[in-house]
Each structure stands twice: as structure tokens, then as C-alpha cells.
Amino acid sequence: MIRIRPAEPTDAPALATALLRNREHMRPYEPYRPERYYTAEGQAERLADGGERWFAVDGEAIVGAAILSGIALGPFRSASLGYWVDGAYTGRGLAGRLVEEVCRAAREELGLHRIEAGTALANHASQRVLAKSGFERIGTAPRYLHINGAWHDHHLFQRILHDNPPPRD
């Protein structure tokens, strides 16, 4: 049974293994990564970078991940979403489960108002995941991300989580 849970610092070796296993699967959508990225040490650094992460776990293996990065509080209360699913687990609704858990936690635990995400123009599967999860397309960003030696356009999406005012600290 696959479960979704928050990331822990001790996940670095399993995460490095999952990323190495999925290197070719994710190549069309991911920027260049140095070799250190695929090591437990490199992933330990990433896990400590301040982003909020969740993992889809099958037994002890990480088979998917989602991250909220660039978290801004105050009157903005927004973050950027990224996610991936192991190539052997695609088409099972796992990306949608990850996105829904992130949205729930962003709203209920982090108090965020809005989440944004971008997808490569040809990544129709990811666009369907976002649409099913209540994201709306808000535009297209030319030359948004450098992938495989070239700048690629991306569709941009957002999901408004609620319309409550920000807390008064």
C-alpha cells in the first residue's frame, strides 16, 4: 500500500536512490542536475533547504515526491509546487494524491492562500493532474526553464485555497 507522508531528514538515501532510478524518466522535464544531486549527501542538503516536502512511499521505497518552495507568508501567502512520480507508478492517480495532500497541508497547516505550478507545454499528464486538482491555467511563460540544453516555455497554473484574510501576527 502506498502512503503519503511528510519528508524526514533520514529520507536522503532513499530519495537519492529514487532519483537515480528515475533519472531517464524525468529527463524530458527536469533541468540539468550535477552528479552530487543523485547522492545521499546531495539530497540531505536539499532536504534541509527550507522547502516543505511530501513523499509517496511503497514499503521503504520513495515512489513520488512533492515540494512547496519559495514559500511566502505575510499578505502574499503563496508557494510554488513541484512534483514527480516514479516511472513504474505512473497512471495510478499517485500524482493527484500527492497534489491533494500538499494543497490540504498548505491550507490547513501552513495557512497559505495560493499555490502555483508550471508544466512544460508537452507535459499533458501533469496538466491533467493540476486541472483535476482544481488548478486553473493562468498563462504561458516563454523560455521559463532550461532543460536539455534549451530554454522551454511552460504553462502556468494556480489554485486558490481559500479567501480568508491572512492571520494578524
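Tutor: Two strands pair if DSSP finds at least two bridges between them. Keep that in mind here, and remember that this is a predicted model.

Student: Okay, which strands make up the sheet, and in what order?

Tutor: There are 7 strands in an open sheet, and going across you meet β1-β2-β3-β4-β5-β7-β6, with mixed pairing.

Student: What makes β1 and β6 edge strands?

Tutor: Each has a partner on one side only. β1 covers 2–6 and β6 covers 136–147. From one strand to the next, the twist averages 25 degrees.

Student: Why do β6 and β7 count as paired?

Tutor: Count the bridges: 8 of them join β6 to β7, which is residues 150–160. The cut-off is at least two, so β6 and β7 count as a pair. They run antiparallel, and G139 stands opposite L156 in β7.

Student: How many residues lie between β6 and β7 in their hairpin?

Tutor: Just 2 residues, and N148 in that turn has a positive phi of about 50 degrees.

Student: What makes β5 a partner of β7?

Tutor: Try the cut-off again. β5 (residues 114–120) is joined to β7 by 7 bridges, and at least two are needed, so they pair. These strands run antiparallel. Now look at H154 in β7: A120 stands opposite H154, and A141 stands opposite H154 too.

Student: Where does helix α1 come in, and what does it touch?

Tutor: α1, residues 12–21, packs on the sheet and touches β2 (52–58), β3 (61–72) and β4 (78–85). The direction of α1 makes about 100 degrees with that of β3.

Student: And which numbers describe a pair of packed helices?

Tutor: You give the angle between their axes and the distance between the axes. For α1 and α3 (residues 40–47), the axes come within 8 Å and cross at roughly 115 degrees.

Student: What word describes the way α1 and α3 lie to each other, and why?

Tutor: Angles of 65 to 115 degrees count as roughly perpendicular. The crossing is roughly 115 degrees, and therefore α1 and α3 are roughly perpendicular to each other.

Student: Is that crossing left-handed or right-handed?

Tutor: The α1 and α3 crossing is right-handed.

Student: Which residues meet there?

Tutor: From α1 you have A12, P13, L15, A16 and L19, and they meet A40, Q43, A44, R46 and L47 of α3. The residues of this contact divide into 8 nonpolar, 1 polar and 1 charged.

Student: What makes R46 the charged one?

Tutor: Arg is on the charged list, so R46 counts as charged.

Terms used
Residues numbered from 1 in each chain as written. Predicted model: local features only at pLDDT ≥ 70, side-chain atom pairs only at ≥ 80, totals over all residues. Heavy atoms only, no water. Helix = DSSP H or I, 4+ residues; strand = E, 2+ residues; numbered from the N terminus. Axes fitted to C-alpha atoms, helices over the stretch in contact; angles between N-to-C directions. Contact = heavy atoms within 4.5 Å. Parallel < 35°, antiparallel > 145°, perpendicular 65-115°, else oblique. Left-handed = near helix turned anticlockwise from the far one by under 90°.
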